[in-house]
Amino acid sequence: MASTDSLTVPDAPDFTDALLTLPASGLTAPVRERLAACARAADTSGEPDREAVALLRDSGMLGLALPYEYGGTGDDAQELNTAVEQVAQVNASAAIMLFQHYAVSRRVLEHGSPALCRRLLPRLARGDWLAASAWSETGAGANKKRLSTTARRTPDGGWVLDGAKSFTTSAGLADVYLVLAQTEEPAADSGADTGYGSAGQTFFLVTADTPGLEPDTSLRLTGMRGSATGFVSVHDCHVPDANRLGPVGAAASIIAGVRDSGASLGAVSVGLAQAALDLAHEHAERRGLTAQQAVRHQLVDLATEVEAARAVVERAGRRSAADPGVTTLHSKLFASSAAERVVSAVERMLGSAGYVASHDINRYDRDARAVALMGPTNDLCKELVSLTWNR
Ligand SMILES: Cc1cc2nc3c(=O)[nH]c(=O)nc-3n(C[C@H](O)[C@H](O)[C@H](O)COP(=O)(O)OP(=O)(O)OC[C@H]3O[C@@H](n4cnc5c(N)ncnc54)[C@H](O)[C@@H]3O)c2cc1C
């Protein structure tokens with residue numbers, strides 16, 4: 001949807017747009033059903049779930065992360081986590097696209113120049129534009145320390161980007177990408193290890209219509225198959241300095257601040273775990289298995305896991321802990337592991353019904369596994385928590 005007028009100021013936002021069809025109690029039943037149906041279709045086809053994105057645009061959910069002044073609804077991190085959880089209950093691929101959109105919206109709000117905010121945020125709030133994060137690369141995985149994507153200054157003060165990103169969610173669907181690039185070589189002694197990213201890296205917002213930007217969704221994922229997680233290459237891609245996000249070389253400190261926001265990918269896992277638990281209840285009731293104490297107690301154990309995961313994600317969203325960033329890391333670690341445990345237990349509880357390939361539980365299993373691999377990976381989360389012990 002990005003158009004060639006992407007550098008012009010859009011019309012003033014219509015605030016009522018974003019006051020939305022989303023009821024306070026969550027997704028409407030028809031939207032839930034349509035999101036669930038397109039999750040099944042995309043899981044089979046492996047094609048980007050365009051219908052889910054259209055539903056997210058129409059629902060007004062894309063505007064939750066932004067304040068009223070830009071046409072959003074000013075939801076806090078706890079409310080965003082709840083929104084992501086609700087979408088994940090029916091369509092985890094859509095939930096990670098939504099999560100990335102919120103993350104980029106917030107980073108622009110926090111670090112964008114006033115002109116960049118005026119230009120981008122009303123579009124992101126209205127859902128005219130979907131945002132994506134293009135940080136990972138094939139050769140720069142979990143800790144993003146050896147980026148091959150570079151950004152060089154041009155004589156007119158702009159930048160030219162070259163490189164290739166991998167595992168970008170919403171590739172080819174997004175209208176704007178937050179691209180992480182190396183703007184200078186990090187010095188050998190580039191200071192304290194932030195655990196993620198390095199000195200000399202800078203963020204740029206690159207619109208989908210920029211010549212040289214090419215998405216490629218040929219990557220065939222095991223799970224999150226509707227999420228359009230693929231490659232995005234930038235070749236001789238000219239980007240104005242006005243599209244730089246934050247100071248030159250300061251991306252690592254922006255990244256370090258992300259977890260302080262309280263937005264947790266653990267919310268995706270809570271949604272998946274809740275969906276699996278609901279399947280177990282339905283199955284047990286349909287088969288009369290709740291008459292068995294052993295089955296009832298197993299359902300209670302799983303419900304306890306889901307409650308605990310939701311509680312730590314909510315605590316991350318409230319940002320009430322002494323170190324909210326550490327709580328966000330704990331929330332992702334715990335909720336993603338809990339979801340894998342719950343889904344795996346429910347697979348066994350469903351018996352042979354769950355062994356049918358088209359059963360939703362198999363999609364939940366593959367989707368749940370992805371969250372631990374998403375950035376920061378669970379291994380890196382542990383590393384980031386332990387780094388705080390030396391402060
Ligand atoms: C479904 C999905 C969606 C994604 N969406 C996006 C996106 O939108 N944008 C984006 O930029 N990226 C995205 N990613 C990539 C993700 O953010 C991870 O950062 C990236 O996959 C990690 O790179 P790698 O798997 O190549 O890890 P590698 O660096 O190859 O690491 C391999 C393993 O070693 C572990 N490891 C690495 N370093 C350490 C360390 N220091 N200590 C302990 N363990 C370590 C890792 O945890 C991992 O398990 C997505 C990934 C998935 C699966």
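## The hairpin of E2 and E3

In this predicted model, the hairpin formed by strands E2 and E3 has five residues between the strands, and within this hairpin Gly157 takes a positive phi near 90 degrees. Strand E2 covers residues 150-153, and four bridges join E2 to E3 in an antiparallel arrangement. One of the pairings can be followed residue by residue, since Arg152 has Val160 in E3 as its bridge partner.

Strand E3 spans residues 159-168, and seven of its 10 residues are buried, so E3 is largely enclosed by the rest of the structure.

## From E3 to E7 and E6

Strand E3 also pairs with strand E7, again in the antiparallel sense, and here the pairing extends over seven bridges. Val160, already introduced as the bridge partner of Arg152, has His238 as its bridge partner in E7.

Strand E7, residues 230-239, is in turn joined to strand E6 by four bridges, and E6 and E7 run antiparallel. Within this pairing, Leu213 stands opposite Val234 in E7. Which residues of E6 lie on its covered face, and which on its uncovered one? Leu213 and Pro215 make up the covered face of E6, which comprises residues 213-216, whereas Glu214 and Asp216 make up the uncovered face.

## The surroundings of the ligand

There are 21 residues around the ligand, and those that come nearest are Trp135, Gly141, Gly375, Thr377 and Asp379. Two or more residues of this shell are given by each of strand E1 (131-134), strand E3, helix H10 (360-373) and helix H11 (378-387). The largest share, three residues, comes from H11.

In chemical terms, the shell around the ligand divides into nine nonpolar, 10 polar and two charged residues. Where does the ligand lie in relation to domain 2 and domain 3? Both domain 2 (133-249) and domain 3 (264-390) give residues to the shell, so the ligand lies between them.

## Domain 1 against domain 2

The domain assignment of the protein gives, besides domain 2 and domain 3, a domain 1 that covers residues 15-130. The C-alpha centres of domain 1 and domain 2 lie 22 Å apart, and 27 residues of domain 1 are in contact with 20 residues of domain 2.

On the side of domain 1 that touches domain 2, at least two residues each are supplied by helix H1 (29-45), helix H2 (50-59), helix H4 (92-111) and helix H5 (114-126). Helix H4 provides the largest share of this side, 11 residues. When the residues on this side of domain 1 are sorted by type, they divide into 18 nonpolar, five polar and four charged.

## Two residues in their settings

Cys38 lies in helix H1, and it is worth asking whether Cys38 is buried or exposed. Cys38 has 22 other C-beta atoms within 10 Å, and because a residue counts as buried from 20 such atoms upward, Cys38 is buried. Leaving aside neighbours within four places in sequence, Cys38 is in contact with Asp49, Glu51, Ala52, Asn91 and Gly226. Asp260, by contrast, is 222 residues away from Cys38 along the chain, and the C-alpha atoms of these two residues are separated by 33 Å.

Ala353 is found in the loop between helix H9 (324-349) and helix H10. With 13 other C-beta atoms within 10 Å, Ala353 is partly exposed. If residues up to four places away in sequence are not counted, Ala353 touches His283 and His359. Ala353 and His283 are 70 residues apart in sequence, and in space the distance from C-alpha to C-alpha is 9.1 Å.

## The protein as a whole

The secondary structure of the protein comes to 11 helices and eight strands, and the C-alpha trace spans about 75 × 50 × 40 Å along its principal axes. A compact globule of 391 residues would have a radius of gyration near 21 Å, and the protein, which has 21 Å, agrees with this.

Buried residues make up 52% of the 391 residues in the protein. Among the contacts with a separation of 6 or more, 77% are accounted for by residues 24 or more positions apart.

Methods: Residues numbered from 1 in each chain as written. Predicted model: local features only at pLDDT ≥ 70, side-chain atom pairs only at ≥ 80, totals over all residues. Near = placed C-beta within 6 Å. Nonpolar A, V, L, I, M, F, W, Y, C, P; charged D, E, K, R; others polar. Domains from an automatic or database assignment. Contact = placed C-beta atoms within 7 Å. Buried ≥ 20, exposed ≤ 12 C-beta atoms within 10 Å, placed from the backbone. Pairing = 2+ DSSP bridges. Rg over C-alpha atoms; globule rule 2.2 N^0.38 Å.
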